[in-house]
Amino acid sequence: KGDIFSFVEQFEGLDFMGALKLLADRAGVPLNFQNKEQKTERERLYAVMEAAYIFYQSQLAGEPLEYLKKRGVKEETVREFRLGWAPDGWRNLRDALAKKGFSDTDMEKAGLTKKSDKGYYDRFRGRVMFPIMDSSGRVIAFSGRLLHEKEGEGKYINTPDSPLYDKSAVLYGIDKAKGEIRKKNYSILVEGQMDLIMSHQAGIKNTVAASGTALADDTVSREHVTNNLGLVRRLSPNVLIAFDSDKAGRNAALRAARIALNLGMDVKIADIEGGKDPADLVLSDPENWKNTLRHAKPVIEFVLDGIMKEKNDARKLPAIIREKILPFVAEIQGAMERSHWIKMIHDKTGLSEEAVRDDLKSILEKKIVETTRTTRETQSNSKTSYARIDLVVRKLLGLLWQAEKTGSMDTKKYFDNMQRIAGPDYRELVTAIEPYKDELILEAEITFGTGRNAELEIAELLINFEEDFIKKKLAIAMADLAAAERAKDVTASNAAAKLCQELSKKLAEVGKKK
């Protein structure tokens, strides 16, 4: 259930305004806001980030621009990726934005400034600036690279998490790469911004970068934000990882591969030789970069070949395979696919398939226990354990708040129904969504219109709301039942089974209301 707005929000990992912008751009319809003085906080933060990008771009000249040229970045690429420069000095950006009417509070919330005893000062100083965009192309964060290294300062710093920016919900360049990822049916994941920029410049435009972000190990977060690899997974299940060739880069690539395998993706790793990173490889020879990508290997084969090259002691080989290979095989979701890799391990190492299967079985059993425990904790503690709860609550509250605003209906009985259904979770749900009240009212007005009877929509949403809460409780009860059966706890097993039956009956009764 849903509409075009909610579909785009969930598929692209956007909020309502982002989905509205993307759809308007697709349709060629300009968006004009009549009550500009009544902008929501998020709208103000998007505006301040856009103004910051324009300021940084206007400062890019001289040595910083020459640095980019030396790294092989062309002028058209600088414009395409909206690169800029944060000049030295403590208040350049802050003073420029203040003159345009932006408040210190909004600048700080957006992650552009910091506050001290002497007032607000710029977070980014003396750095080449890389704007990070969401899927619709709005600037939500920045990553800044020092032009000249300074003691005690990292080469790169990034915008901290903010109301606009969740580092686990975005990948650098996703706004430019998503079309090519869909078209080519695979993505290329690199580490740094320069790696991505040079790859795009070489014509490999299905490239995204992890720099300035955190790879999440699930498709959606507890807050039902679409996580970064979850978004890429929706575009294509195939990913090729091309991180730096040093030890840190290899370890990061293998961690990313484990996460991607766990999400059901097909994962390959490119072997970049000679200590280079992708940006250097593209600069020296774009064709060599393309050949490196062409010869990428499935991650398990990549790791296995690396182990066999090391000429390990035959007595230690089983332990090495158990530690470094089998955890990857355990992430593979299909039994036939696992059999393929078990046979490859046998063919390349001489270890018996039966022994490999036995060790793999113990790893899988341990993983099932850990997964069940994690699922149980998540379902117990998360206010948004089911994907649709956020969507239903948002639409329900938007319609009810809109009705309160217009005085078109008595909303008390509906709020009381929500509280009855959600029980102790009700206040937490409402509190989490309340900061977006103005946006939800706007969404309700756009989606459902004004001056109409919304009671039918609200009644249907309440049914869905109740259905989802019962499903949440049923999932927890089923996890308890599975755990009790494994522990051979008959009493707990019978209690959990009885609760599952009761909840299933309630779910059927709610379903009849539709």
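Here is a guided walk through this structure, from its sheet to its aromatic rings. Keep in mind that the model is predicted.

Let's begin with the sheet. Four strands make up an open sheet, and their order is β1-β4-β5-β6 with antiparallel pairing. Which strands stand at the edges? They are β1 and β6 (156-158), and each has a single partner strand, so one side of each is left without a neighbour in the sheet. If you look along the sheet, you will see that neighbouring strands are turned against each other by 35° on average, with direction ignored.

Now follow β5, which covers residues 139-146. Eight of its eight residues are buried, so β5 is largely enclosed by the rest of the structure. It pairs with β4 in the antiparallel sense over seven bridges, and with β6, again in the antiparallel sense, over three bridges. You can pick out individual partners here. Arg-145 is the bridge partner of Val-128, and Arg-145 also stands opposite Tyr-156 in β6. Another link to β6 joins Ser-143 with its bridge partner Asn-158.

Next, look at the turn that leads into β5. The hairpin of β4 and β5 has five residues between the strands, and within this hairpin Gly-137 takes a positive phi near 95°. Arg-138 is found in the loop between β4 (127-133) and β5. Is Arg-138 buried or exposed? Its relative accessible area is 10%, and because buried means under 20%, Arg-138 counts as buried. Its side chain has polar contacts to follow: one reaches the side chain of Tyr-46 at 3.1 Å, and another reaches the side chain of Ser-136 at 3.2 Å.

Tyr-46 brings us to helix α3, where it is one of the buried residues. How does the span of α3 compare with what 1.5 Å a residue would give? The 18 residues should span 26 Å, and the end C-alpha atoms are 26 Å apart, which agrees. Other buried residues in α3 include Leu-45, Val-48, Met-49, Tyr-53, Phe-55 and Tyr-56. One of these, Tyr-53, has a charged neighbour: the charged end of Arg-82 sits over the Tyr-53 ring, 3.9 Å from its centre.

Aromatic rings now let us connect the helix with the sheet. The model has five aromatic pairs. In one of them, Tyr-56 and Phe-142 meet edge-to-face, with 5.1 Å centre to centre and 85° between the planes. This pair links distant parts of the chain, since Tyr-56 is in helix α3 (residues 41-58) and Phe-142 is in strand β5, 86 residues apart. Both partners are buried: Tyr-56 has a relative accessible area of 2%, and Phe-142 has one of 1%. A further pair, Trp-90 and Tyr-121, is also edge-to-face, at 5.5 Å centre to centre and with 70° between the planes. Trp-90 lies in the loop between β1 (84-86) and α6 (92-99), while Tyr-121 is in strand β3 (residues 119-122), so this pair ties together parts that are 31 residues apart in sequence.

Finally, let's stay with Trp-90 for a moment. With a relative accessible area of 54%, Trp-90 is exposed. The charged end of Arg-125 sits over the Trp-90 ring, 4.1 Å from its centre. Back at the helix and sheet, Phe-55, Tyr-56, Phe-124 and Phe-142 form one aromatic cluster.

Methods
Residues are numbered from 1 along each chain as its sequence is written. This is a predicted model: local features need pLDDT of at least 70, side-chain atom pairs count only at pLDDT 80 or more; totals for chains, interfaces and linings use all residues. Side-chain values use heavy atoms; hydrogens and water are left out. Rings of Phe, Tyr and Trp (its six-membered ring) pair if their centres lie within 6.5 Å; planes under 30 degrees apart count as stacked, over 60 as edge-to-face and the rest as tilted. Helices (H or I, at least four residues) and strands (E, at least two) are DSSP runs, numbered from the N terminus. Buried means under 20% relative accessible area, exposed over 50%, partly exposed in between (1.4 Å probe, protein chains only). A charge sits over a ring if NZ of Lys or CZ of Arg is within 6 Å of the ring centre and within 35 degrees of the ring normal. A polar contact is a pair of N or O atoms within 3.5 Å; within protein, one must be able to donate a hydrogen and the other to accept it, and residues adjacent in sequence count only if both atoms are side-chain atoms. Two strands pair if DSSP finds at least two bridges between them. Axes are lines fitted to C-alpha atoms, for helices over the stretch in contact, and angles run from 0 to 180 degrees between N-to-C directions. The expected span of a helix is 1.5 Å times one less than its number of residues.
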